[in-house]
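Biologist: I'm new to this one. Can you walk me through a few spots?
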Amino acid sequence: MPGLHSFLTLAQAAVDVAKAAETTTTQPAITPLQLVIVVAVVFGIPLILGPLIANALRMKDVAMRISIVLMAVFFALAPFGWRIARGEDWRKAIRLGIDLAGGTNLVYEVDYGEAVKSGKIGENEQLTKDSLDKMVAAIQKRLNPSGAEEITVRRVGNNRIEVIIPGADREVIAQKKGLITRLGSLEFAMLANDKDHPQIIAEGRALRPDQNEVRRKDEQGNLQVAAAWKDVADDARVGGDRTATRTVSRVDEDGKTQEVQQFLVVIDPKRQITGRYLIQAAPTTDQTGQLAVSFRFNATGGNLFGNLTTRYQPDRTDGFHRQLAILLDNKIESAPSINEPIRDSGIIQGQFTKAEVDELVNVLNAGALEVPLKPQPVTEFSISPLLGVDVQTSGITAIAISAVFTFLFMLVYYRVAGVVACLCLLLNLILVVGAMSFISATFTLPGLAGLVLTIGMAVDANILIYERMREELERGGSLRMAIQNGFDKAFSTIIDSNLTSLITAVILYLIGSDQIRGFAVSLFIGLVMSLFTALYFGRLAFEIIERKRLVKTLTMMRLIGATNFDFLATRRLAFLASAVVIGIGMGALIVRGSSNMDIDFTGGTMVTFEFEAPQQTAAVRNQLQEKFGPTISLEQLTTSDDQSSSAGATRFRMRTTEASQPDVVARINEALSEPEFALRRVTATAGEVEAIPVAADDATISDAERRFAGGHRAGLSFSGPVREGTISEYVISALEAIPGTGDAPRYQFANTLVAVKGDGQGGDAASGVKSATVSVTREVTAEDFATALATVEKNFADAPLFEEVNSFDTSVGFETQRDAAIAIILSLLATVVYIWFRFEKVYFGYAAVVALAHDVLVTLGAIAVAAYLSHTPIGAILGFDDFKINMGLIASLLTIVGYSLNDTIVIFDRIREIKGKNPNITYDMINLSVNQTLSRTILTALTVLIVVVILYALGGDGIHGFAFSMIIGTVTGAYSTVYIANPVLLWLVTRKPKVSMKAAA
């Protein structure tokens, strides 16, 4: 049952992703009539066609089986048919990743003023790296709850967060923006009423309109917030005859005065009930049928909630009902009356749309942000595909060729059975792509290559069945018996080999990081579809062929006949060879150090710059690679104001693993020093520094004005448009360059001291301004401010305009790496336990894990060695690159683990079959098992190698590293199955008797 529950959890996750995907656009929801039509097409038509086809074949007993196959096909094609029915391009059902289709790049900045105002951080206090990392994790969960979407979220500098979303659909981006910036805080508290809180209400009414908090001394004499005036959310319905309310005037960012209703909320600092106790939020409806959000607390939260609602339950003397305020993002969303004590669950009511409910559920489940972000991004760009057109073309061509070769190989080698295998593979391809489209998974170039690789590995089940059929036919069995026994005898092997991988997929999904979860989803789907096509559809096809007498027998080619090799005789030599290979590889890996890692794991420096004239991405990349090497990442940036042109683009962003920002800028200037690559230059002129008056106690004074009261401001004008964020970066850098005591700068965290407001035109994320007002807090002296402005003028005059020079964090943080490692270790332990259960001896599991570790270590070492050899003639001949470990290579390593495990279990299953009821496993049993399954081992490795060698030779830079690791993994996987797993198994089964004999002696 636990295994079944795990599978259902993963399946439910796929459904949740699909539901979430429905809310990523603002197009009308499916109507009841459309739903009926979809159900009729997907389920009704197959139920009609199945019996018709069965009657035509005169095989009425297979009608339902044909219908089930057709249902699977119709279901897989539904996302594409739905697009066509709505007049859209069917290709939109396939979501392409950033490498193939580009996307949208958003950079958000912490709203320091709001963070100070809300008490999240103190005045002149820098936000910690840990807080930013928590915000990154929360945003990642909001945007990509399933891990199936290729969304990058990472820390930039010490106060910004970067989000990269595949595609540039405006409706999708708008929906994602709401998820990014919403604070997501949830709190439960009581509305103050004149029966229970008359004194608090009196103190609250005595506050000025700009004051919100009622403070009282606690037992230690410290002032604590006892109550606070809270705004009512837009369109929320909150009321009560005996509650305390007031209306205050507010000045918004545009200078307009608005009337805001507030209620007084009682706060108990020691027993606050917040979202940190939340276990799960989910969509639901209230008693009136309106959309709502249900919530469930953990034990601690349930106790607090129960105590609160018990304390404030209805008064039996007069029937008075207290009201519980539900606050979202510090605003009262609803205030239901408490009718009875509530323990661990409830609902949040409001005037919600379905999209708002889904957004709120995602936000609450992901957790609140540590501090608020500014609602508008600092920069917002559309980025071009990271891979050039030539790289995409070569990669997709290689994928197509490798798929064709796989089909041809099966047709030539297995003849009629090969036709069935090709139909199985084609159906597998349709089902996998359809399922991935249904859950809105993102396809990258390595992902597409992995899809074809999945097809290649799916051949394994067919080969197992066909080789069993061959054995039955050679024994003189009839075609019907050969088909029946072939499927029956291969069934347990196929189930064992695939179920271990399915268990791995479930554990990776439940425990792993977002990137690992995405791989787990695709692995789970691929394996399930492979089992369905090989065992269900394949058997149906053979049954039809045999019963209709389409063939009398099955003829197949034979690559390897009966063998009688003594594989175990060379086990010591094999162990020695493996130890040497692993030793060399690990030595190269250790010596190479951090150079092994790609930007995904190291982070680095990113610089945004603009050319005077449009440039082609390939030409710019070639210039930069001369100074930085081949590992840079280059993104072409455009805004909605830019005119697309075949001449290229003017704005680019380069990323490198180099950490020194001044060195990176200097090398960019050197690389782009030729006249045809002239960078845009802008001059700056600073105005006079003036003092900012101290703010009066006036409610019409905005929080931003009050924060900089007593500081200084000055105007900056420019010869061309410059973004507010860029101006801010230049001023911050200039302030941080002012020396202080010792080696420390005088203003170490200047980003908390500076604000820039564009004057006149724009100033938003999509356009620049030609003038701006720069304000600094009172901590910055007038002299230092003037010095910083002079530095800004000089920096603009002496060098091209660099719109952004900043550090960026890894897209795979430490916690992500830790979670991935834990998930992989637990999946290996689960593999040992499952094999122990199935084969009744734990040493089968140990032997399999040793082989897996061998394959991973050999592959990692080969990557490091190949990177060293890439600078030699040998490397040039073999096509080696300076391979780096990135998420694509991690995915390939996980694929290798699954492939190698399947290989090993096939032999172990044959050992179990030969052993029968014999209590002991002998030397001869293992050798015989390896010989009997040798043809299957080599054929499976050969089909996979056909795919990966073509991908390596023709795929280009986009999948070169992925294909290389798969070549090494395929070869070492086949090798370790024979020469590592089986000798280790022999050593384990013979070691115990030897120990016993020594003890007896």
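Biologist: Let's start with helix α7. What should its twelve residues span at 1.5 Å a residue, and how far apart are its end C-alpha atoms?

Modeller: Keep in mind that this is a predicted model. Helix α7 covers residues 170-181, and the expected span is 16 Å. The end C-alpha atoms are 17 Å apart, which agrees.

Biologist: Which residues of α7 are buried?

Modeller: V172, I173, Q175, K176, L179 and I180 are buried in α7.

Biologist: Where do they fall when you look down the axis of α7?

Modeller: The buried residues fall within an arc of 160°, so they line one face of α7. There is a general pattern behind that. An α-helix has 3.6 residues a turn, so residues three or four places apart point the same way.

Biologist: What do the buried residues of α7 pack against?

Modeller: Three helices and strands come earlier in the numbering list: β2 (103-109), α6 (129-143) and β4 (160-166). The buried residues of α7 also pack against α10 (354-366) and β16 (379-383).

Biologist: New topic. Where is D315 found?

Modeller: D315 sits in the loop between α9 (299-311) and β13 (324-328).

Biologist: Is D315 buried or exposed?

Modeller: D315 is buried, because its relative accessible area is 17%, and the cut-off for buried is under 20%.

Biologist: What does D315 touch, not counting residues up to four places away in sequence?

Modeller: D315 touches K195, F320 and R322. With K195 there is a polar contact, side chain to side chain, at 3.2 Å.

Biologist: Switching to cysteines. How many disulfides does the structure hold?

Modeller: Zero.

Biologist: Why is there no bond from C422 to the closest cysteine sulfur?

Modeller: The closest cysteine sulfur to that of C422 is in C424, and at 9.2 Å it is too far for a bond. A disulfide needs the sulfur atoms within 2.5 Å.

Biologist: Are C422 and C424 buried or exposed?

Modeller: C422 counts as buried at 9% relative accessibility. C424 counts as buried too, at 1%.

Biologist: Last topic, the largest nonpolar core. Which residues touch the most other members?

Modeller: M410, Y414, Y466, M469 and F542 do, in a core of 113 residues. Helix α15 (residues 514-547) gives the most to this core, with 16 residues.

Biologist: What is M410 in contact with, leaving aside neighbours within four places in sequence?

Modeller: Its contacts include C422, V459, I463 and Y466. R415, G418, A421 and N462 are also in contact with M410.

Terms used
Residues are numbered from 1 along each chain as its sequence is written. This is a predicted model: local features need pLDDT of at least 70, side-chain atom pairs count only at pLDDT 80 or more; totals for chains, interfaces and linings use all residues. Side-chain values use heavy atoms; hydrogens and water are left out. Helices (H or I, at least four residues) and strands (E, at least two) are DSSP runs, numbered from the N terminus. Buried means under 20% relative accessible area, exposed over 50%, partly exposed in between (1.4 Å probe, protein chains only). Contact means heavy atoms within 4.5 Å. A polar contact is a pair of N or O atoms within 3.5 Å; within protein, one must be able to donate a hydrogen and the other to accept it, and residues adjacent in sequence count only if both atoms are side-chain atoms. A nonpolar core is a set of buried Ala, Val, Leu, Ile, Met, Phe, Trp, Tyr and Cys residues joined through side-chain atoms within 4.5 Å. The expected span of a helix is 1.5 Å times one less than its number of residues. The arc is that of the directions from the helix axis to the C-beta atoms.
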